[in-house]
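Q: Could you take a close look at one strand of this protein and explain how it sits among its neighbours? Please begin with the protein as a whole and then work inward.

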Amino acid sequence: MAKSDWTCSLSAMHEWESPDYEPSLPVSEKSNPLTRDIDRASASSIVKMLQACDAQMFPEETGSTYHRLLSDQVVTTLMEVAKRVELILKDPEDSLVILSGCGTSGRLAFLITSGFNRALRQLNQSPVYSYIIAGGDRALLSSQEAPEDDPKLGMLSLKKVCEGKKRVLFIGISCGLSAPFVAGQLDFCLQHPEVYTPVLVGFNPAHQARDEPLPGCTFTFLSVVQRMQELAKSHQAFLINPAVGPEAISGSSRMKGGSATKILLEVVLSAAHAAAFSHAPVAYNGILQRLRAYEKTLDVTYAQSEIITDLVEAAGESLRCGRRVCYLGWGSLALLGLIDASECNPTFGADYEDVRGFISGGYGELNNKEGPMTALGPEFCIAHEDFLHQVLPRLTDKDTVLLIYTHSDDVSKVVDLARRVREKTSNLHAVYHQTEEDTSAALQQDDISRLCLSTLKIAWLQGASVSASLQHMQWELSTKLVLNAVSTGAHVLKGKIYQNHMIDVQVTNSKLYRRATRLLQKVSGRPESQCEEALLKTIYRVDKLTLDMTSSDVITHTCTAVTRTKVVPLALVCLLTGCSLREAESHLERQPVVREAVEVWLS
């Protein structure tokens, strides 16, 4: 594929749905045919590929192999869950709606509950939403993969949050139907049906749920799903699991999985709010209309693909020369910057300084359960003031800074910050949203545009059918798509992807350990046992494994891997070339792009 002429055929859009396409893998772990050579693509082609992958969430024609986002079954289930939320909103006494997940899923649980609790306070209503994230609040800003493997920790955290509650709607989010942390919570709900109604959100068919023993438990994620399927027949449990297609970067559920999670849960909660407070009953067409509004968001966002490409190129150049990318944001859009930055470490093996997010107002604006966490280290310093004191003095033109805001934010403060950044670097860019009717901040926006190398202005029509709250949620999704493109594209350009796989993924929990083994097997063509052996050698940094190493369990392996870098790239080079670990390390130092390193060695 030439770098300049990437095109997307209809057959490639749907190739992944064939039963013969990577049949051993669940949908969420398959590689996407659209991005097979994304590691060799230009910035422009990368953006086009990401656009095509995101479009798979909303397929045009019917007759799909899987239930999709707009399918009748999914829309009907969303209606039923919205009605359950409506009941709690109308009678909130001793009731709670909980959103829980690991990694990106937990971060989006926080984002969504924050937004809807804010909406309740504006209506002088008591907040009824709460979030749980595996690893606690530090996982909002930093990778905390190990707690995902602990079902008992999940159960205990749910039990603690719900103490004294008589009615709980629990929404567990696991994109791959695989997280033990969430499985433990769902099992607890099923044991206490007098209090809990469980809802599972994920993006694999039910039969593809992980069927492996969970630590200290007699059940698997699959057995939990099967019990929920039985109860779903009588509306005692709900399963929302449309297929949205493989991720652009194989298994990177922070992208489509995260976007679809946001869409589905906001559709449910906004429909429930409209029914409870605006006398607009939950209806099939209302759910469908909300889903279509998010589909429109994709069109509006990618209409700006040229400027998104400019941002990807700028960020990619910064990372390639060892510099950084900084997101400076306001309100909930800043939170999306924090989320995007936090995901780069586990996905790409990035250092926390490579991509960082900062929010105006710091922890006061974040309003998380555990409060300020700056004592945990510099990566938890997230206020604009922290950026000004810790980062700004070290900025150069090789760093990329991105301002993220809306016309309803205090644009004068955006101007002030832009001027201060511009004194240190010319590599300043802006992403902002406004309604087409609002021109009140036009002069100040002109000032910002003059200070920036590029400005991504996304203008929205204020239609009668779109409420202000729904429009803001569209702005959030649009911002998420842009930031995902920037950070993913930049790391692709840096060489962190092999074909369309996360080659430098951190092997820090059982899901990632198995993903790494499968990846090595697929790319090398070697037997699974040989691939796992190569993986263990790089985890333990030895050329010969001891009996203790080979007989240890996966949790022991992943605990050791926490301190290791380039685990999968090193294992792959050793597998493909037959070289020693030390030779592989030396080779990757000279040529950090793994695909090129292997090809140079073999040639």
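A: Buried residues make up 61% of the 603 residues in the protein, which is a predicted model. The accessible surface comes to about 23,400 Å², and carbon and sulfur atoms contribute 50% of that area. For a chain of 603 residues, a compact globule would have a radius of gyration near 25 Å, and the 23 Å of this protein agrees with that expectation. The C-alpha trace spans about 70 × 60 × 50 Å along its principal axes, and among contacts with a separation of 6 or more, 77% join residues that are 24 or more positions apart.

The secondary structure comprises 24 helices and 12 strands, and the part examined here is strand 7, which covers residues 355-359. Strand 7 belongs to an open sheet of 5 strands, arranged in the order 7-6-8-9-10 with parallel pairing. Strand 7 and strand 10 (454-460) are the edge strands of this sheet, each pairing on one side only. Neighbouring strands of the sheet are turned against each other by 15° on average, when direction is ignored.

On its paired side, strand 7 meets strand 6 (residues 325-329), and the two run in the parallel sense over 5 bridges. In general, the strands of a sheet pair through backbone hydrogen bonds, in either a parallel or an antiparallel arrangement. Two of the residue pairs can be named: Cys326 has Arg356 of strand 7 as its bridge partner, while Leu328 is partnered with Phe358 of strand 7.

Those two partners, Arg356 and Phe358, point one way from strand 7, whereas Val355, Gly357 and Ile359 point the other way. Such a pattern follows the general rule that side chains in a regular strand alternate between the two faces of the sheet.

Is this edge strand buried or exposed? Since 5 of the 5 residues of strand 7 are buried, the strand is largely enclosed by the rest of the structure, and this burial applies to the residues pointing either way, with Arg356 buried as well as Phe358. One element that lies across this part of the sheet is helix 14 (residues 384-391), which crosses strand 6 and strand 7 and runs at about 130° to strand 7. Strand 7 is thus an edge strand that pairs on one side only, yet it is largely enclosed, because each of its 5 residues is buried.

Key:
Residues numbered from 1 in each chain as written. Predicted model: local features only at pLDDT ≥ 70, side-chain atom pairs only at ≥ 80, totals over all residues. Heavy atoms only, no water. Pairing = 2+ DSSP bridges. Helix = DSSP H or I, 4+ residues; strand = E, 2+ residues; numbered from the N terminus. Axes fitted to C-alpha atoms, helices over the stretch in contact; angles between N-to-C directions. Contact = heavy atoms within 4.5 Å. Rg over C-alpha atoms; globule rule 2.2 N^0.38 Å. Buried < 20%, exposed > 50% of the residue type's maximum accessible area, 1.4 Å probe, protein only. Areas by Shrake-Rupley, 256 points an atom, 1.4 Å probe, with all protein chains shown as cover.
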